[in-house]
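User: I've got a model open and I'd like to talk through its packing. Can you take me through the core and the cavities?

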Amino acid sequence: MAAKILVVDDDPNVQRLLQYTLKQEGYDVVTASDGAEGFRLWGSAAPDLILLDVMLPKLDGYQVATKIRTEEGTTGHVPIIMLTAEREVEQKVRGLRAGADDYLIKPFHPAELMARIKSLLARFAPKDSLLARPPLGRVHSFYGAKGGVGTTTIAINAAIALHRELGRKVCLIDGNLQFGDHRVFLDLGLDRKSIVDIVTAPSIDQDLVRQVLVKHDSGIDLVLAPPSPETAELVTPEHLPLILDQLRTLYDYILVDIDKRLDDINLGIIEASETVFVVMTADLSCLKNVRLVLETITHLGYEQEKVQLVLNRSNAFTGINVKSAEGALKRTIEHQVINEYRGAISALNSGAPFMFTKADSVLGGSLLHFARAVDKRAMSGAAARAIAR
Ligand SMILES: Nc1ncnc2c1ncn2[C@@H]1O[C@H](COP(=O)(O)OP(=O)(O)OP(=O)(O)O)[C@@H](O)[C@H]1O
Ligand SMILES: [Mg+2]
């Protein structure tokens, strides 16, 4: 879940600037314009960190910090960064004595503020039972009913939403072995490790898999596709199930973005998946392919519940609405993601997924809605039955 930061500053310009900068970095922000409101919001909004100006109406920053520390006693410790215009050592000491964990002298550079915030959040991160609990170990694959329907966009942004907004540990695999796009979507070079480094090792164990994982700034871990189409041949149908077994013990969700072929490799991934999210748009060729996929799933002996349909660009005009698509398929379309071409394409072209940099956009909201549904389903009995099958 995105960390929540309380900004207490009576200067509307500073408030706006901080709000903008913090939101850009993916934080949730609440603001207060005086000390009393700041103290009240600490109680009601439960922020993860407070940026506290010293010179404030009603209660000054020192008084707010002192009151918070008295009130929270030994039960918790919200990190406080004091923002001060004063240079005197004496004032800094006073701030720290009042209970601030760090201070910054105005004007400061946003990069310095971010570095201090990150380090304090890491230092005071709750080491509670949630972090200690065993991973959920759910594998989901994402399959496009045809090329270019937005499968990769949805897989990547759902992974980020599950991690940043819902606090899950997530690994994303680029299973499009020949022409994987994740390096482009996530602005990563060909020098990074890839699945080839796993499959060319003498044996696949957890240490090896951990070493090959690539960490993305959003906090999700990645298994990248081979760097070239030729090296994709090194991956055989036996490899993916072995890799997934290792990852299940480390992550809540392992999302696999697979390509369109129903070959042995993809069938192995589908077999290992609890759910196959079939991404489609509302057009005839997609409807035809979805029908074929549903038939194939039945022929393979899986329950139809294993497949969930995701209608991407759901509100784009195609002449086929959701109801008629459902009528043609004779089944419900479980999920919808809205159409927002600019948001999707500019995120792709800048290498910064919208769920990371613009989570509060309409498209971000739509993806979060999807991620919540995925997470909720994992908690439900239906998913447990599907695993047992
Ligand atoms: N919800 C959306 N609204 C508008 N445009 C979208 C949406 N989702 C994806 N797109 C756009 O559709 C194009 C294809 O997206 P993407 O690469 O994710 O699809 P894909 O199914 O993975 O394609 P491929 O078959 O090449 O793997 C991109 O330009 C992307 O920006
Ligand atoms: Mg793709």
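Analyst: Let's start with Phe370: beyond its neighbours within four places in sequence, Phe370 is in contact (heavy atoms within 4.5 Å) with Phe142, Ile154, Ala158, Phe277, Val310 and His335. This is a predicted model, where local features need pLDDT of at least 70, side-chain atom pairs count only at pLDDT 80 or more, and totals for chains, interfaces and linings use all residues. Residues are numbered from 1 along each chain as its sequence is written, and side-chain values use heavy atoms, with hydrogens and water left out.

User: What makes the set with Leu247, Val278, Met280 and Phe370 a nonpolar core?

Analyst: A nonpolar core is a set of buried Ala, Val, Leu, Ile, Met, Phe, Trp, Tyr and Cys residues joined through side-chain atoms within 4.5 Å, and buried means under 20% relative accessible area with a 1.4 Å probe, protein chains only. The largest such core has 84 residues, and those four have the most contacts inside it.

User: Why is the lining of the largest cavity described as 10 nonpolar and one polar?

Analyst: Ala, Val, Leu, Ile, Met, Phe, Trp, Tyr, Cys and Pro count as nonpolar, Asp, Glu, Lys and Arg as charged, and the others, Gly among them, as polar. The lining includes Tyr143, Leu262 and Val276, which are on the nonpolar list, and Thr296, which is not and so counts as polar. No charged residue is in that lining.

Conventions
Chains lettered and ligands numbered in written order. Buried < 20%, exposed > 50% of the residue type's maximum accessible area, 1.4 Å probe, protein only. 1 Å grid on protein atoms, 1.4 Å probe; cavity = no way out; pocket = protein on both sides within 12 Å on 5 of 7 lines; lining within 4 Å.
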